[in-house]
2 protein chains.
Amino acid sequence: MQVTNRSDDRPEQDSVERAIDQIGDRWTFLILRDAFFGQRRFDDIQKSTGASPNILSDRLKKLVGFGILEKRAYQDRPQRHEYRLTEKGRDLYPAIVLLMRWGDRWTGECDRPPLTLVHKTCGKASAPVLVCDECGEAIHVHDMDWEAARY
Amino acid sequence: MQVTNRSDDRPEQDSVERAIDQIGDRWTFLILRDAFFGQRRFDDIQKSTGASPNILSDRLKKLVGFGILEKRAYQDRPQRHEYRLTEKGRDLYPAIVLLMRWGDRWTGECDRPPLTLVHKTCGKASAPVLVCDECGEAIHVHDMDWEAARY
């Protein structure tokens, strides 16, 4: 991204900061990762993330409050709940996938990624890539510029 | 992502978790966002993020330790340093862009995004999208499956 001295044009609290305020916490990311792997129940998420019950309760409550997860009863007697991704939550999938790919490339302890994604639409092992919606070319930081939206 | 009962195949610590262990902290995300806006100097980053000097020092040290930022002298007398993204750091750009787009869509307080990205390669305002590298179709969570890599 080309950067000039236009920092003063930046909005006070931008969308990255607002996104981070909702999900930028280690436990929250691990809960979201688990949600994408289909973990919906408190005990399963606790086991998988290693979070303490207090922390897990707190983060789940926040995620429900932000409308990223919703709490649904799946059993009546005794009443039991599970946590499911809302549309807002599911829409985080591409960002989580890119964090995973980055983790594969830069933090791996072996030279093959530990998980292969399969794109069911085409049936192939997929390495998702971010492209420009106008020209279809891959997005690289050096090719990007930005301007403040005008109102 | 279709999820079956294959959770036991999941690696103990996957790439999402390793990525989050390096960058999954509110201040770290804000420092990275600033880095992509060209903020390189301690005082500028402090002003922009609102982090206390202690927290900022700690996070910058960790980012340098992980090889995401590098510390370079830009002045000799008195010696002054700046923090620049490494290749590993620059490679986080697509993930940060998707978090920003998600923030635009789901956390905005007005109906237009506060920042417009411009793809210099094609010269147009760009809404980057994640696609499959095999077929070029957009990635949606429901179209994805995964399998553990075999060694």
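User: Which residue does Leu115(A) stand opposite in E6(B)?

Analyst: A general idea helps here: strands of a sheet pair through backbone hydrogen bonds, either parallel or antiparallel. In this structure, which is a predicted model, Leu115(A) stands opposite Ala148(B) in E6(B). That pair belongs to a longer pairing, in which five bridges join E3(A) to strand E6 (residues 144–148) of chain B, and the two strands run antiparallel.

User: What does E6(A) pair with, and in which sense, parallel or antiparallel?

Analyst: E6(A) pairs with strand E3 (residues 115–119) of chain B in the antiparallel sense, over five bridges. Within that pairing, Ala148(A) has Leu115(B) as its bridge partner, and Glu147(A) has Thr116(B) as its bridge partner.

User: In what order do the strands E6(A), E3(B) and E4(B) lie in their sheet, and which of them stand at the edges?

Analyst: The three strands form an open sheet with antiparallel pairing, in the order E6(A)-E3(B)-E4(B). E6 of chain A and strand E4 (124–125) of chain B stand at the edges, where each has a single partner strand, so one side of each is left without a neighbour in the sheet.

User: How many bridges join E3(A) to strand E4 of chain A, and what is found in their hairpin?

Analyst: Two bridges join E3(A) to strand E4 (residues 124–125) of chain A, and these strands run antiparallel. His119(A) stands opposite Lys124(A) in E4(A), while the hairpin itself has four residues between the strands, and Gly123(A) takes a positive phi near 80 degrees there.

User: How are the two chains related by rotation?

Analyst: A rotation of 180 degrees, with 0.0 Å of shift along its axis, superposes chain A on chain B with an RMSD of 0.0 Å. That is the relation of a two-fold axis. In chain A, the C-alpha of Leu130(A) is the nearest to the axis, at 2.2 Å from it.

User: How many residues of each chain are in contact with the other chain, and which element of chain A gives the most?

Analyst: The size of an interface is often given as the accessible area lost when the parts come together. Here it can be described by residues in contact, with 74 residues of chain A touching 74 residues of chain B. Several elements of chain A each supply at least two residues to that side, including helix H1 (15–23), helix H2 (26–36) and strand E5 (129–131), and H6(A) gives the most, with 14 residues. By class, the side of chain A that touches chain B has 41 nonpolar, twelve polar and 21 charged residues. Of the interface residues of chain A, 100% are also interface residues in chain B, so the copies meet through the same surface.

User: How many helices and strands are there in chain A, and at what angle do H2(A) and H4(A) pack?

Analyst: Chain A has six helices and six strands, and along the sequence they follow the pattern α-α-α-α-β-β-α-α-β-β-β-β. H2(A) and helix H4 (residues 53–65) of chain A pack at an angle of about 70 degrees, with their axes 10 Å apart, which makes H2(A) roughly perpendicular to H4(A). Trp27(A), Thr28(A) and Ile31(A) of H2(A) make the contact with Ile55(A), Arg59(A), Leu60(A) and Leu63(A) of H4(A), and by class this contact has five nonpolar, one polar and one charged residues.

User: What share of chain A is made up of buried residues?

Analyst: Buried residues make up 38% of the 151 residues in chain A. Among the contacts in chain A with a separation of 6 or more, residues 24 or more positions apart account for 36%.

Note on methods. Residues numbered from 1 in each chain as written. Chains lettered and ligands numbered in written order. Predicted model: local features only at pLDDT ≥ 70, side-chain atom pairs only at ≥ 80, totals over all residues. Contact = placed C-beta atoms within 7 Å. Nonpolar A, V, L, I, M, F, W, Y, C, P; charged D, E, K, R; others polar. Pairing = 2+ DSSP bridges. Axes fitted to C-alpha atoms, helices over the stretch in contact; angles between N-to-C directions. Parallel < 35°, antiparallel > 145°, perpendicular 65-115°, else oblique. Least-squares fit on C-alpha atoms with pLDDT ≥ 70 in both. Buried ≥ 20, exposed ≤ 12 C-beta atoms within 10 Å, placed from the backbone.
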